Amino acid sequence: MNCVSHSNSTTRVVALTLVLAVTLASCGRGANTPPADKAAAPAPAPATPPPPSPPPRELSWSGKVNMKLWSSIRVKTYKAALKRETPPTLAILRIPRLKLEVPVYDGTTDAVLDLAAGRIEDTALPGTKGNVGIAAHRDGFFRVLKDIKQGDALVLDTPVATEQYRVEWIKITVPEDVSVIDPTPDRAVTLVGCYPFYFKGSAPQRFIVRAVPDQK
(Lines give C-alpha, C1' and ligand atoms only; values in the text may rest on other atoms or scores of the structure.)
Protein backbone atom coordinates (compact mmCIF):
# COMPACT_ATOMS: atom_id res chain seq x y z
CA MET A 1 0.00 0.00 0.00
CA ASN A 2 2.80 2.39 0.89
CA CYS A 3 4.69 1.29 -2.21
CA VAL A 4 1.72 2.12 -4.45
CA SER A 5 1.29 5.51 -2.78
CA HIS A 6 4.98 6.34 -3.22
CA SER A 7 4.86 5.32 -6.87
CA ASN A 8 1.85 7.56 -7.54
CA SER A 9 3.58 10.49 -5.84
CA THR A 10 6.71 10.05 -7.94
CA THR A 11 4.66 9.97 -11.15
CA ARG A 12 2.91 13.24 -10.29
CA VAL A 13 6.28 14.97 -9.58
CA VAL A 14 7.70 13.89 -12.94
CA ALA A 15 4.57 15.06 -14.78
CA LEU A 16 4.63 18.46 -13.06
CA THR A 17 8.30 18.89 -13.87
CA LEU A 18 7.61 18.29 -17.58
CA VAL A 19 4.78 20.86 -17.61
CA LEU A 20 6.95 23.52 -15.97
CA ALA A 21 9.78 22.85 -18.43
CA VAL A 22 7.49 23.34 -21.41
CA THR A 23 5.96 26.51 -19.92
CA LEU A 24 9.35 28.12 -19.13
CA ALA A 25 10.64 27.35 -22.61
CA SER A 26 7.60 29.07 -24.12
CA CYS A 27 8.04 32.21 -21.94
CA GLY A 28 11.71 32.47 -22.83
CA ARG A 29 10.96 32.43 -26.55
CA GLY A 30 8.47 35.31 -26.36
CA ALA A 31 5.65 36.15 -28.69
CA ASN A 32 7.88 38.11 -31.12
CA THR A 33 10.67 35.57 -31.43
CA PRO A 34 10.47 33.86 -34.82
CA PRO A 35 10.73 30.12 -35.05
CA ALA A 36 14.26 28.86 -35.33
CA ASP A 37 13.76 27.56 -38.82
CA LYS A 38 12.30 30.84 -40.23
CA ALA A 39 14.63 32.82 -42.57
CA ALA A 40 15.89 36.23 -41.35
CA ALA A 41 14.45 39.39 -43.03
CA PRO A 42 16.72 40.88 -45.74
CA ALA A 43 18.72 44.04 -44.85
CA PRO A 44 17.36 47.32 -46.28
CA ALA A 45 19.01 48.55 -49.47
CA PRO A 46 21.57 51.38 -48.98
CA ALA A 47 20.33 54.95 -49.63
CA THR A 48 21.06 56.37 -53.07
CA PRO A 49 23.80 59.04 -52.81
CA PRO A 50 22.85 62.58 -53.94
CA PRO A 51 23.97 63.61 -57.43
CA PRO A 52 27.28 65.52 -57.58
CA SER A 53 27.19 69.33 -57.78
CA PRO A 54 27.50 70.72 -61.30
CA PRO A 55 30.93 72.11 -62.18
CA PRO A 56 31.31 75.91 -62.03
CA ARG A 57 30.50 77.78 -65.21
CA GLU A 58 33.34 79.16 -67.27
CA LEU A 59 33.20 82.95 -67.34
CA SER A 60 34.12 84.92 -70.43
CA TRP A 61 33.72 88.48 -71.64
CA SER A 62 34.15 90.31 -74.93
CA GLY A 63 37.46 91.92 -74.00
CA LYS A 64 36.30 95.15 -75.64
CA VAL A 65 37.12 98.24 -73.60
CA ASN A 66 35.95 101.74 -74.49
CA MET A 67 38.65 104.06 -73.08
CA LYS A 68 37.15 107.26 -74.50
CA LEU A 69 36.44 108.66 -71.00
CA TRP A 70 39.61 107.33 -69.36
CA SER A 71 42.50 109.45 -68.16
CA SER A 72 45.79 109.10 -70.04
CA ILE A 73 47.55 107.57 -67.03
CA ARG A 74 44.79 104.97 -66.67
CA VAL A 75 45.08 104.00 -70.34
CA LYS A 76 48.83 103.62 -69.93
CA THR A 77 48.64 101.48 -66.78
CA TYR A 78 45.89 99.30 -68.29
CA LYS A 79 47.93 98.53 -71.39
CA ALA A 80 50.93 97.66 -69.22
CA ALA A 81 48.78 95.42 -67.00
CA LEU A 82 47.62 93.43 -70.04
CA LYS A 83 51.18 92.10 -70.39
CA ARG A 84 51.05 90.48 -66.95
CA GLU A 85 49.41 87.21 -65.95
CA THR A 86 45.64 87.54 -65.58
CA PRO A 87 44.18 86.59 -62.18
CA PRO A 88 41.26 84.12 -61.91
CA THR A 89 37.93 85.71 -62.79
CA LEU A 90 35.35 85.81 -59.98
CA ALA A 91 32.58 87.45 -62.01
CA ILE A 92 31.74 89.65 -64.98
CA LEU A 93 30.01 92.95 -64.15
CA ARG A 94 27.75 94.49 -66.77
CA ILE A 95 25.65 97.65 -66.79
CA PRO A 96 23.94 97.50 -70.20
CA ARG A 97 22.70 101.10 -70.42
CA LEU A 98 26.19 102.43 -69.76
CA LYS A 99 27.78 99.80 -72.01
CA LEU A 100 30.02 98.77 -69.13
CA GLU A 101 31.50 95.28 -69.14
CA VAL A 102 34.39 94.47 -66.82
CA PRO A 103 35.81 91.32 -65.22
CA VAL A 104 35.98 91.18 -61.44
CA TYR A 105 39.11 89.77 -59.83
CA ASP A 106 39.81 89.21 -56.15
CA GLY A 107 41.25 92.09 -54.11
CA THR A 108 41.89 95.79 -54.62
CA THR A 109 45.64 95.87 -55.20
CA ASP A 110 47.13 98.03 -57.95
CA ALA A 111 47.80 94.88 -59.96
CA VAL A 112 44.04 94.11 -59.94
CA LEU A 113 42.61 97.62 -60.35
CA ASP A 114 45.02 98.55 -63.14
CA LEU A 115 43.47 95.70 -65.14
CA ALA A 116 39.83 95.37 -64.04
CA ALA A 117 37.46 95.74 -61.11
CA GLY A 118 38.19 94.04 -57.80
CA ARG A 119 36.17 92.37 -55.07
CA ILE A 120 36.64 94.36 -51.87
CA GLU A 121 38.23 92.25 -49.16
CA ASP A 122 35.89 90.71 -46.54
CA THR A 123 32.76 91.22 -48.66
CA ALA A 124 30.68 88.36 -50.05
CA LEU A 125 31.98 86.30 -52.95
CA PRO A 126 30.05 86.66 -56.20
CA GLY A 127 27.44 83.93 -56.46
CA THR A 128 26.84 83.76 -52.70
CA LYS A 129 24.39 85.48 -50.36
CA GLY A 130 25.48 88.79 -48.93
CA ASN A 131 26.89 92.13 -50.03
CA VAL A 132 29.41 91.86 -52.87
CA GLY A 133 31.63 94.97 -52.77
CA ILE A 134 33.26 95.86 -56.10
CA ALA A 135 35.77 98.66 -56.61
CA ALA A 136 37.35 100.17 -59.72
CA HIS A 137 39.14 103.37 -60.70
CA ARG A 138 37.04 106.52 -61.21
CA ASP A 139 39.18 107.51 -64.20
CA GLY A 140 39.00 104.05 -65.74
CA PHE A 141 36.24 101.45 -65.84
CA PHE A 142 34.03 103.25 -63.29
CA ARG A 143 34.08 106.70 -64.93
CA VAL A 144 30.85 105.78 -66.74
CA LEU A 145 29.15 105.65 -63.32
CA LYS A 146 28.84 109.43 -63.54
CA ASP A 147 25.77 108.75 -65.72
CA ILE A 148 24.21 105.92 -63.71
CA LYS A 149 20.63 106.31 -62.52
CA GLN A 150 18.40 104.73 -59.92
CA GLY A 151 16.56 101.80 -61.51
CA ASP A 152 19.34 100.96 -64.00
CA ALA A 153 19.83 97.26 -64.65
CA LEU A 154 23.03 95.61 -63.41
CA VAL A 155 24.10 92.07 -64.31
CA LEU A 156 26.60 89.98 -62.37
CA ASP A 157 27.70 86.86 -64.22
CA THR A 158 29.12 84.43 -61.64
CA PRO A 159 30.37 80.82 -61.71
CA VAL A 160 26.98 79.83 -60.26
CA ALA A 161 24.48 81.83 -62.30
CA THR A 162 23.75 85.08 -64.13
CA GLU A 163 22.24 87.39 -61.49
CA GLN A 164 19.98 90.29 -62.38
CA TYR A 165 20.01 93.42 -60.21
CA ARG A 166 18.46 96.87 -60.18
CA VAL A 167 20.13 100.03 -58.81
CA GLU A 168 18.35 100.87 -55.55
CA TRP A 169 20.25 103.97 -54.44
CA ILE A 170 23.27 106.16 -55.14
CA LYS A 171 25.16 108.19 -52.56
CA ILE A 172 28.36 110.17 -52.07
CA THR A 173 30.17 109.63 -48.81
CA VAL A 174 33.58 109.91 -47.12
CA PRO A 175 36.32 107.25 -47.31
CA GLU A 176 35.85 106.43 -43.62
CA ASP A 177 32.23 105.36 -44.16
CA VAL A 178 32.70 101.61 -44.43
CA SER A 179 29.06 100.89 -43.52
CA VAL A 180 28.25 100.78 -47.23
CA ILE A 181 30.03 97.42 -47.51
CA ASP A 182 28.56 95.93 -44.32
CA PRO A 183 27.14 92.39 -44.73
CA THR A 184 23.52 92.11 -45.86
CA PRO A 185 21.11 89.22 -45.19
CA ASP A 186 20.21 88.94 -48.87
CA ARG A 187 22.11 89.35 -52.13
CA ALA A 188 23.35 92.83 -52.96
CA VAL A 189 26.06 94.45 -55.07
CA THR A 190 27.80 97.64 -53.94
CA LEU A 191 29.99 99.54 -56.39
CA VAL A 192 32.64 101.79 -54.85
CA GLY A 193 34.73 104.39 -56.64
CA CYS A 194 36.52 107.62 -55.82
CA TYR A 195 34.73 110.95 -56.32
CA PRO A 196 34.61 113.51 -57.93
CA PHE A 197 35.21 111.65 -61.18
CA TYR A 198 37.44 114.39 -62.71
CA PHE A 199 39.16 115.53 -59.52
CA LYS A 200 42.91 116.07 -59.93
CA GLY A 201 44.90 114.37 -57.21
CA SER A 202 43.63 112.14 -54.43
CA ALA A 203 39.82 112.29 -54.52
CA PRO A 204 38.32 113.25 -51.13
CA GLN A 205 35.01 111.36 -51.41
CA ARG A 206 33.54 108.02 -52.47
CA PHE A 207 30.79 107.32 -55.00
CA ILE A 208 28.56 104.44 -53.95
CA VAL A 209 26.00 102.49 -55.99
CA ARG A 210 23.83 99.86 -54.28
CA ALA A 211 22.01 97.29 -56.43
CA VAL A 212 19.55 94.66 -55.20
CA PRO A 213 18.00 91.63 -56.96
CA ASP A 214 15.57 92.60 -59.70
CA GLN A 215 12.12 91.30 -58.68
CA LYS A 216 10.57 91.75 -62.14
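**View 1. Ala153 faces Arg166 across a strand pair.** Ala153 stands opposite Arg166, a residue of strand 6. The hosts of this close-up are strand 5 (residues 153–157) and strand 6 (residues 162–173), antiparallel partners that share five bridges. Two strands are said to pair if DSSP finds at least two bridges between them. Helices (H or I, at least four residues) and strands (E, at least two) are DSSP runs, numbered from the N terminus. To pass from strand 5 to strand 6, the chain takes a hairpin of four residues.

A quick note before the next views: this is a predicted model, in which local features need pLDDT of at least 70 and side-chain atom pairs count only at pLDDT 80 or more, while totals for chains, interfaces and linings use all residues. Residues are numbered from 1 along each chain as its sequence is written, and side-chain values use heavy atoms, with hydrogens and water left out.

**View 2. Strand 6 also pairs with strand 8.** Here strand 6 runs antiparallel to strand 8 (residues 205–213), and eight bridges join them. Look for Tyr165, whose bridge partner in strand 8 is Pro213.

**View 3. Asp139 and Arg74 meet in a salt bridge.** The N to O distance between these two side chains is 3.0 Å. The pair links distant parts of the chain, 65 residues apart: Asp139 sits in the loop between strand 4 (131–135) and strand 5, and Arg74 in helix 2 (residues 72–81). A salt bridge is a side-chain nitrogen of Lys or Arg within 4 Å of a carboxyl oxygen of Asp or Glu. Are these partners buried or exposed? Asp139 is buried at 11% relative accessible area, and Arg74 is buried as well, at 13%. (Buried means under 20% relative accessible area, exposed over 50%, and partly exposed in between, with a 1.4 Å probe and protein chains only.)

**View 4. Arg119 reaches Asp106 from strand 3.** The closest N and O atoms of this salt bridge are 2.7 Å apart. Arg119 belongs to strand 3 (residues 117–119) and Asp106 to strand 2 (residues 100–106), so the salt bridge ties together parts that are 13 residues apart in sequence. Arg119 is buried at 11% relative accessibility, whereas Asp106 is partly exposed at 40%.

**View 5. Asp177 has Lys171, Thr173 and Ser179 as partners.** Lys171 forms a salt bridge with Asp177, with the closest N and O atoms 3.6 Å apart; Lys171 is partly exposed at 31% relative accessibility. The side chain of Thr173 joins that of Asp177 in a polar contact of 2.8 Å. A polar contact is a pair of N or O atoms within 3.5 Å; within protein, one must be able to donate a hydrogen and the other to accept it, and residues adjacent in sequence count only if both atoms are side-chain atoms. Ser179, from the loop between strand 6 and strand 7 (188–195), makes a side-chain polar contact of 2.5 Å with Asp177. Ser179 is partly exposed at 41% relative accessibility.

**View 6. Thr173 lies buried in strand 6.** Its relative accessible area is 10%. Leaving aside neighbours within four places in sequence, Thr173 is in contact (heavy atoms within 4.5 Å) with Gln205, Arg206 and Ile208.

**View 7. Four charged residues form a network of salt bridges.** The linked residues are Arg57, Arg94, Glu101 and Asp157. The structure holds 11 salt bridges.
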